[in-house]
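Subject: Structure handover and notes

Dear colleague,

Please find below the structure I said I would pass on, followed by my notes on what turned up in it. I would be grateful if you could read the notes with the model open beside you.

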Amino acid sequence: MISEEDQRHYLAVARSAVSEAAEHVRTQKGDRDPASEVDLAVERFVRDFLHNKTPETGFLGEEEGGQPTGHRLLWMLDPIDGTVNFLHGLPLCAVSLSLCDANTVLVAVVDLPFIGTQYTALLGQGAYADGKRLRVSQTSTLANALISIDQYAFGEDAERKNRWRLRLTERLAHDAQRVRMLGASAIDLAWTAEGRLDACIMLGNKPWDTSAGVLIAREAGARVLDQDGSEHSPQSLFTIAVTPTLEADLMAAVQATLAEQRTAPDTNEP
């Protein structure tokens, strides 16, 4: 594990990279192409910036991949998390960057370009939004909880995957105060860390989407779990972040929905 001094050095580099990337996002106009030129331009900018500042690290980006092997430390980037929101002019999108040592996330930065907030975390050192320490909510009942759920699947096998999402949405709509679908995993996790949301549920775990937000949520006191209630890891199938006071009730709802789906005709997996 690298030293705390080195972690803070990498955090400063990450904040600079993400701040400049966020400015680039703010000045661009999307063309409604899901693989937008803006995503590619932001990723290339951040990749080159990090290579110049930290040539000893590897890099993995959502759009063009990278060279994740051969380096002890690895940057992971989602240049625009919430690309479809961005392309339609919705402000719910983020630049998400993390630094990993094997399966351990050491540094996280999530910037919301159109909202003007930057979230940061260092392993074991807490999570912050523009310098203010983050703490998860103290909501203790689902009836008072605001919960976000992953966007619907698209493409191959989407109909089967969405049956589970619809079942879970129906259950949470009955049990929780409200359910939201924001369309950006990094925002889901950061806002759970900040206490704006009481929990978020993502039916997937792409490392460039989740790694920064997972560290921020954990450092703010959230429990971050897989579908079976085990601790979230890079190998997890789901990404579920929840304030500890809601963990038991939320996971009971998730497990009940999984059980229903496994007994439904034609499918046994979400």
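Throughout, a residue is called buried when its relative accessible area is under 20%, exposed when it is over 50%, and partly exposed in between, with a 1.4 Å probe and protein chains only. By that scale G229 is partly exposed, with a relative accessible area of 29%. Please keep in mind that this is a predicted model, in which local features need pLDDT of at least 70 and side-chain atom pairs count only at pLDDT 80 or more, while totals for chains, interfaces and linings use all residues. Residues are numbered from 1 along each chain as its sequence is written, and side-chain values use heavy atoms, with hydrogens and water left out.

To stay with G229 for a moment, this residue is found in the loop between β12 and β13, where helices (H or I, at least four residues) and strands (E, at least two) are DSSP runs numbered from the N terminus. Not counting residues up to four places away in sequence, G229 touches M251 and Q255, contact being taken as heavy atoms within 4.5 Å. The C-alpha atoms of G229 and E247 are separated by 9.0 Å, the two residues being 18 apart along the chain.

E247 also appears among the charged residues, since R218, R223, E231 and E247 are linked in a network of salt bridges, a salt bridge being a side-chain nitrogen of Lys or Arg within 4 Å of a carboxyl oxygen of Asp or Glu. Within this network, R223 forms a salt bridge with E231, with the closest N and O atoms 2.2 Å apart, and the side chains of E231 and R218 meet in another at 3.4 Å, N to O. Because E231 lies in the loop between β12 (223-225) and β13 (239-242) and R218 in helix α6, the latter pair ties together parts that are 13 residues apart in sequence. E231 is partly exposed at 43% relative accessible area, as are R218 at 32% and R223 at 26%.

The whole structure holds 11 salt bridges, and one of them joins the side chains of D101 and R72 at 3.2 Å, N to O. D101 belongs to strand β4 and R72 to the loop between β2 (65-66) and β3, so this pair ties together parts that are 29 residues apart in sequence. D101 counts as buried, at 12% relative accessibility.

Turning to the interior, the largest nonpolar core (a set of buried Ala, Val, Leu, Ile, Met, Phe, Trp, Tyr and Cys residues joined through side-chain atoms within 4.5 Å) has 36 residues, and those with the most contacts inside it are V110, Y119, L134 and I216. Elements that give two or more residues to this core include β3 (73-81), β4 (94-101), β5 (104-112), α5 (185-194) and α6 (207-219). Apart from it lies another core, of 29 residues, among them V46, W75, L77 and V95. Leaving aside neighbours within four places in sequence, the contacts of V110 include A94, V95, Y119, A186, A212 and I216.

As for helix packing, α1 (residues 4-26) and α2 (residues 37-53) pack at an angle of about 155°, with their axes 10 Å apart; axes are lines fitted to C-alpha atoms, for helices over the stretch in contact, and angles run from 0 to 180 degrees between N-to-C directions. That makes α1 roughly antiparallel to α2, given that angles under 35 degrees count as roughly parallel, over 145 as roughly antiparallel, 65 to 115 as roughly perpendicular and the rest as oblique. Residues in this contact include V13, A17 and A21 of α1 and V42, F45 and F49 of α2. Helices α5 and α6, by contrast, pack at an angle of about 0°, with their axes 8 Å apart, which makes α5 roughly parallel to α6. Here S185, A186, L189, A190 and A193 in α5 meet D209, T210, G213, V214, I216 and A217 in α6.

Finally, two backbone positions deserve a look. A102, in the loop between β4 and β5, has a positive phi of about 60° although it is not a glycine, and A102 is exposed, with a relative accessible area of 66%. D130, in the loop between β7 and β8 (132-133), has a positive phi of about 50° and is likewise not a glycine.

With best wishes
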